[in-house]
Amino acid sequence: MSETSNNIFGGNLMTKSPLANKLKSLRVESNISTPVLAAQFGVSPTHIHYLENDKRGISNELLTKYANFFHVPFEDLKELKNNSQSIIKNIPIDSSADTAKVDDFISLVLSVEEPLRDKFITDCTQKLHEMFFTLLTPYGLNDLKKYLTNLRDSWYSIGDADFTEHELSGNLKLPEHEMYFKLSIKENVCFLELLHEDHRKIEYFTKWLTQPDSTIIHNKKIPHLEENQKVKTFYWFSPKFTENDHFLFIKEQHDDLTQIYCQSYKLDLMIKIT
């Protein structure tokens with residue numbers, strides 16, 4: 001039941017229902033893996049995965065188990081369940097009634113004296129950014145460890161790695177704070193996007209992978225923010241990738257390579273002479 005919500009900046013913000021995000025947040029914040037929670041509730045790990053990704057409805061019986069296990073009021077979860085389909089909806093913006101409301105709101109804001117108006121707009125924008133950020137799917141470090149160790153083991157033939165492609169995007173809960181991230185895991189390439197202000201948090205990812213093969217700084221639209229942001233993207237490549245493969249992939253992804261850094265001197269030279 002993934003929903004698309006129109007934000008006030010004219011873009012679309014892909015979110016999951018408030019209940020799905022809440023269920024995952026409860027598990028992540030308690031540092032409990034999907035298999036452990038599934039065993040506790042007597043369901044399969046796949047069932048938990050479906051609940052957290054809006055692919056299956058939840059019974060009141062299982063919702064009661066969540067409430068008891070995580071010590072949260074059942075009625076709060078029940079309300080999220082009842083409201084999930086109505087809280088995050090596509091907001092029509094082409095009806096005359098909605099247009100009139102928007103015009104009235106803008107007129108009200110413009111009628112306020114300038115110093116107060118500017119403060120209101122700044123504060124309101126900040127609050128909206130924070131609200132949109134909370135709607136992003138939550139992830140914990142255990143989620144990263146599972147995906148990245150499977151990737152590493154499959155690339156280097158360690159153990160019985162169960163590799164599948166994944167794209168994780170959302171709100172990463174770290175011990176000291178939360179941050180936006182986007183991680184794409186493919187057969188021979190793994191890349192990670194972080195806001196430049198959070199780029200030093202790459203240490204949480206290199207714990208289970210090596211240092212990135214390439215990094216590049218560029219500007220990009222981030223789902224919950226109004227303007228393009230300075231982003232740092234980190235790339236890892238499997239041992240099957242040659243330097244020429246690496247070079248062609250990077251060129252395909254980015255038009256401007258002036259802000260790229262490569263671990264390989266040869267690859268760095270190939271990029272500079274193009």
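## Exercises on a predicted model

I32 counts as buried, at 15% relative accessibility. The model is predicted.

**Exercise 1.** Decide whether I32 is buried or exposed, then place I32 in the chain and in space.

*Solution.*
- Start with the cut-off: buried means under 20% relative accessible area.
- I32 has 15% relative accessibility, so I32 counts as buried.
- Next, the chain: I32 sits in the loop between α1 (18-29) and α2 (34-41).
- Leave out residues up to four places away in sequence; I32 then touches R27, L37, F69 and F70.
- Now look further along the sequence. I32 and D143 are 111 residues apart in sequence, yet their C-alpha atoms are 10.0 Å apart in space.

**Exercise 2.** Describe the largest nonpolar core, and find the core that holds I32.

*Solution.*
- The largest nonpolar core has 23 residues.
- The members that touch the most others are L148, F181, L183, C190, L192, F205 and W236.
- At least two residues each come from α8 (141-155), β4 (166-173), β5 (178-185), β6 (189-195), α9 (203-206) and β8 (229-237).
- α8 gives the largest share, 5 residues.
- Another core, of 17 residues, lies apart from this one; I32 belongs to it, as do L26, L37 and L77.

**Exercise 3.** Locate N171, classify its exposure, and find a polar partner for its side chain.

*Solution.*
- N171 lies in strand β4.
- Its relative accessibility is 4%, so N171 counts as buried.
- The N171 side chain makes a polar contact with the side chain of E178, at 3.2 Å.

Definitions and conventions: Residues numbered from 1 in each chain as written. Predicted model: local features only at pLDDT ≥ 70, side-chain atom pairs only at ≥ 80, totals over all residues. Heavy atoms only, no water. Core = buried A, V, L, I, M, F, W, Y, C linked by side-chain atoms within 4.5 Å. Buried < 20%, exposed > 50% of the residue type's maximum accessible area, 1.4 Å probe, protein only. Helix = DSSP H or I, 4+ residues; strand = E, 2+ residues; numbered from the N terminus. Polar contact = N/O pair within 3.5 Å; in protein donor to acceptor, adjacent residues only side chain to side chain. Contact = heavy atoms within 4.5 Å.
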